[in-house]
Amino acid sequence: MPDFVQMFDMTNWLNDYRALYQDIQWQSQFSVMEHCEGEIAWLQDSTSLSKKLETYCSQLSVDVLSNQLTTQDENCSSSMSSHWLREVLLLGDNSHWVYAQSHVEQQALEQPVIRQLMHDDKPLGLALFSTQQVKRDQLQIGQVTLDSQRLWARRSRLLVKDHSIWVSELFLPNAPIYHLQPGS
């Protein structure tokens, strides 16, 4: 049975991550390039973030925080009405690295591969980029401040079999993006 204190702590940090996510200031990738020299390679990477993160830890895991039909589209760059929301935390060696949200059109869930991905407990990027023809576009870069530290985020649209999956990723303070030399 889960420990009450642990559940309370999870609720606290999850609410903190959601609040940070709501405060992200999104911009085109070109308007922030001069402010994120070391991070730009991470932020503009068009391949799987999960695959990249795997190279910086012994174990990459995902905690699925929420997986539900919703009509809310805060910080989602689309005009979807009702859609499926998958909210996850990516952990490298049990350290919080990335808080992410994926939004997919409800009709896209009719595609078996997309339905399985959205309901799986594996990182979305690992499955998508290894088995599908995926195109990333409409990249935006965001930033938010936590205790005087600038945190970076990115959001983009992944096109999979003529369907859109909107993915937003907030890099948390322990993520490798902040602890590596430029060009790493």
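So, the largest nonpolar core: there are 34 residues in it, and the ones touching the most other members are L53, L89, V98, Y99, L170 and F171. Keep in mind that this is a predicted model. Which element gives that core its largest share? That would be helix 1, residues 4-22, with five residues. As a general point, nonpolar side chains in soluble globular proteins tend to be buried together.

Let's stay on L170 for a moment. Setting aside residues up to four places away in sequence, L170 touches Y17, L20, Y21 and I24, then W97, V98 and Y99, and also V144, L151, W152 and A153. Apart from the largest core there's another one, of eight residues, and W84, V104, V160 and V167 are among them.

Okay, zooming out to the whole chain. We've got five helices and seven strands, and from the N terminus the order goes α-β-α-α-β-β-β-α-α-β-β-β. The chain has 184 residues, and 50% of them are buried. If you take the contacts with a separation of 6 or more, 62% are between residues 24 or more positions apart.

Now, the empty space. How many cavities of 30 Å³ or more does the structure hold? Two. The largest has about 160 Å³ of space in it. Its lining is made up of 18 residues, and those nearest the centre are S50, L124, G125, V167 and E169. Yes, that's the V167 I just listed in the eight-residue core.

Where does that lining come from? Two or more residues each come from helix 3 (49-54), strand 3 (83-92), strand 4, helix 5 (124-131) and strand 7 (163-171). Helix 5 gives the largest share, four residues. By type, the lining has eleven nonpolar residues, four polar and three charged.

Last stop, Q101, which sits in strand 4, residues 95-105. Is Q101 buried or exposed? We call Q101 buried because its relative accessible area is 7%, and the cut-off for buried is under 20%. Its side chain makes a polar contact with the side chain of H103, at 3.2 Å. Which residues does Q101 contact once you leave aside its neighbours within four places in sequence? You get Y21, then L85, R86 and E87, and finally W166, V167 and S168. So V167 turns up once more, here as a contact of Q101, and Y21 is one of the residues that L170 touches too.

Technical notes: Residues are numbered from 1 along each chain as its sequence is written. This is a predicted model: local features need pLDDT of at least 70, side-chain atom pairs count only at pLDDT 80 or more; totals for chains, interfaces and linings use all residues. Side-chain values use heavy atoms; hydrogens and water are left out. Buried means under 20% relative accessible area, exposed over 50%, partly exposed in between (1.4 Å probe, protein chains only). A polar contact is a pair of N or O atoms within 3.5 Å; within protein, one must be able to donate a hydrogen and the other to accept it, and residues adjacent in sequence count only if both atoms are side-chain atoms. Contact means heavy atoms within 4.5 Å. A nonpolar core is a set of buried Ala, Val, Leu, Ile, Met, Phe, Trp, Tyr and Cys residues joined through side-chain atoms within 4.5 Å. On a 1 Å grid over the protein atoms alone, a cavity is a set of points where a 1.4 Å probe fits but cannot get out, and a pocket is an open set with protein on both sides within 12 Å along at least five of seven lines; lining residues have an atom within 4 Å of a point. Grid points are joined across faces, edges and corners, and a volume is the space filled by probe spheres set on the points. Ala, Val, Leu, Ile, Met, Phe, Trp, Tyr, Cys and Pro count as nonpolar, Asp, Glu, Lys and Arg as charged, and the others, Gly among them, as polar.
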